[in-house]
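Thanks for coming. I will walk through one chain today, starting with a helix and working outwards.

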Amino acid sequence: MATAATTTRLRYEAIKPKIGARVLNTKEELLSGELSEDILALMEERGVLVFPEIDFADHEQVKFSNSLGGNADELAGQNQDSVFKVTLDEKAQHANVVEYLKGSLFWHIDGTMNPIPIRASMLTAKVLAPEGGDTEFANTATSYADLSDEQKAEIEGLRVVHSLWCSAFYHTPEPSAEQLADWQSKGEAEIPLVVTNSTGKKSLVLGNTAHYIRGLDMKDSQRLLHGLRAFATSEPYVYKHVWKLGDTVMWDNRTSLHRATPYDPYCGRMMHRTIIKGGEAWDQ
Ligand SMILES: [Fe+2]
């Protein structure tokens, strides 16, 4: 007699109409690899996925990330089999990385300087901030979809210069000449303001690295970029995750802005991050 194959189903609940889902499967089910395709499809649909108190050990988080497409090379020489430590505490992370991570307090997309964007990022809460240190996410696909036809026509075909050195002014407005030269040595990237992925979904590419729109007057350029960012990060499109220890959150990095809410940089807050390689360039 043949035994019936058991099939693990993805179980989840939506968080808000335009962003987010809570995945309710057990750790064992997530690590089995059976749900990988469904998880990626749900992330594509909902933008942000929360795995409440799933309590991944580092090797489990790496295994889970790999089952979804593998870790991209990380910063600061970290290799593909390890997690990256997100903290503002210089006792636990290199000072130049902490400097860079200060930008995480402002709306951004990870790795806009990469020609192939990071597909997804994943954080696991290891040490919580006693106050603040939540993470907010904004879905730039659902906000784009809600723009009027006139607004869509106005921004169609525009291209934005993204620069790391521009984003650094958000947290360090008076750099030394050496510091500025170092930031500027990281280069710039030009990306369409509206990108389309392989499924045909359109989204906005904004955030603290979005410096100016090619060919526009600086004032017009800033008004448009900041106006769109303000709309894209308004209430219907935003989910704020208030962390519990052991929570993992993963988000579609092509179609999400994110930022941490302020917290004491010396409080020890620690997130372990993995990232999933991208398969498609920004420019199709
Ligand atoms: Fe980030």
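Let me begin with helix α2, residues 36–46, where I39, M43 and R46 are buried. These three cover an arc of only 85° around the axis, which puts them on the same side of α2. The arc is that of the directions from the helix axis to the C-beta atoms. A residue is called buried if 20 or more other C-beta atoms lie within 10 Å of its own, exposed if 12 or fewer, and partly exposed in between, with C-beta atoms placed from the backbone. Helices (H or I, at least four residues) and strands (E, at least two) are DSSP runs, numbered from the N terminus.

Before going on, two remarks on what you are looking at. This is a predicted model, in which local features need pLDDT of at least 70 and side-chain atom pairs count only at pLDDT 80 or more, while totals for chains, interfaces and linings use all residues. Residues are numbered from 1 along each chain as its sequence is written.

Back to α2. What lies over its buried residues? The cover includes β1, β2, β3 (48–51), β5 (120–127) and β13 (248–252). On the face turned away from the buried side, α2 carries the exposed residues E37 and A41. Just after the helix comes G47, with a positive phi of about 85°.

Two of the covering strands, β1 and β2, form a hairpin with two residues between them. β1 is residues 12–16 and β2 is residues 19–23; the two run antiparallel and are joined by four bridges. Strands count as paired if DSSP finds at least two bridges between them. Within this hairpin, K16 stands opposite I19 in β2.

Next, helix α3, residues 58–67. Which of its residues are buried? They are Q61, V62, F64 and S65. Their arc around the axis is only 165°, which puts them on the same side of α3. The elements that these buried residues pack against are α1 (27–31), β5, β13 and β15 (270–276). So β5 and β13 appear for both helices: they help cover the buried residues of α2, and those of α3 pack against them. Just after α3, G69 takes a positive phi of about 130°.

The loop between β3 and α3 deserves a stop. Most residues other than glycine have a negative phi. Two residues here do not: E53 has a phi near 45°, and D55 has one near 60°. E53 is found in that loop, and so is D55. Are they buried or exposed? E53 is exposed, with 12 other C-beta atoms within 10 Å. D55 counts as partly exposed, with 15 C-beta neighbours inside 10 Å.

Now to a sheet. It is open, has three strands in the order β12-β6-β14, and its pairing is antiparallel. β12 and β14 (256–260) stand at the edges with a single partner strand each, so one side of each has no neighbour in the sheet. From one strand to the next, the twist averages 20°. Angles like this run from 0 to 180 degrees between N-to-C directions, and axes are lines fitted to C-alpha atoms, for helices over the stretch in contact. Strand β6, residues 135–139, is joined to β12 by four bridges. One of the pairs is F137 with its bridge partner Y239 in β12.

Leading into β12 is a loop from α9 (218–232), and S234 is found there, before β12 at 238–241. S234 counts as exposed, with 12 C-beta neighbours inside 10 Å. Its C-alpha is 20 Å from that of Y170, and the two residues are 64 apart in sequence.

Finally, the chain as a whole. How many helices and strands does the chain have? There are nine helices and 15 strands. Buried residues make up 36% of the 284 residues. Of the contacts with a separation of 6 or more, 81% are between residues 24 or more positions apart; two residues are in contact if their C-beta atoms, placed from the backbone, lie within 7 Å. The C-alpha atoms fill a box of roughly 75 × 50 × 30 Å, taken along the principal axes.

As for confidence, pLDDT is the predictor's confidence in each residue, from 0 to 100. The mean for the chain is 90, and 93% of its residues reach 70 or more. Over residues 72–80, pLDDT stays under 50, and the model has 13 contacts for them beyond four places in sequence. That is the tour.
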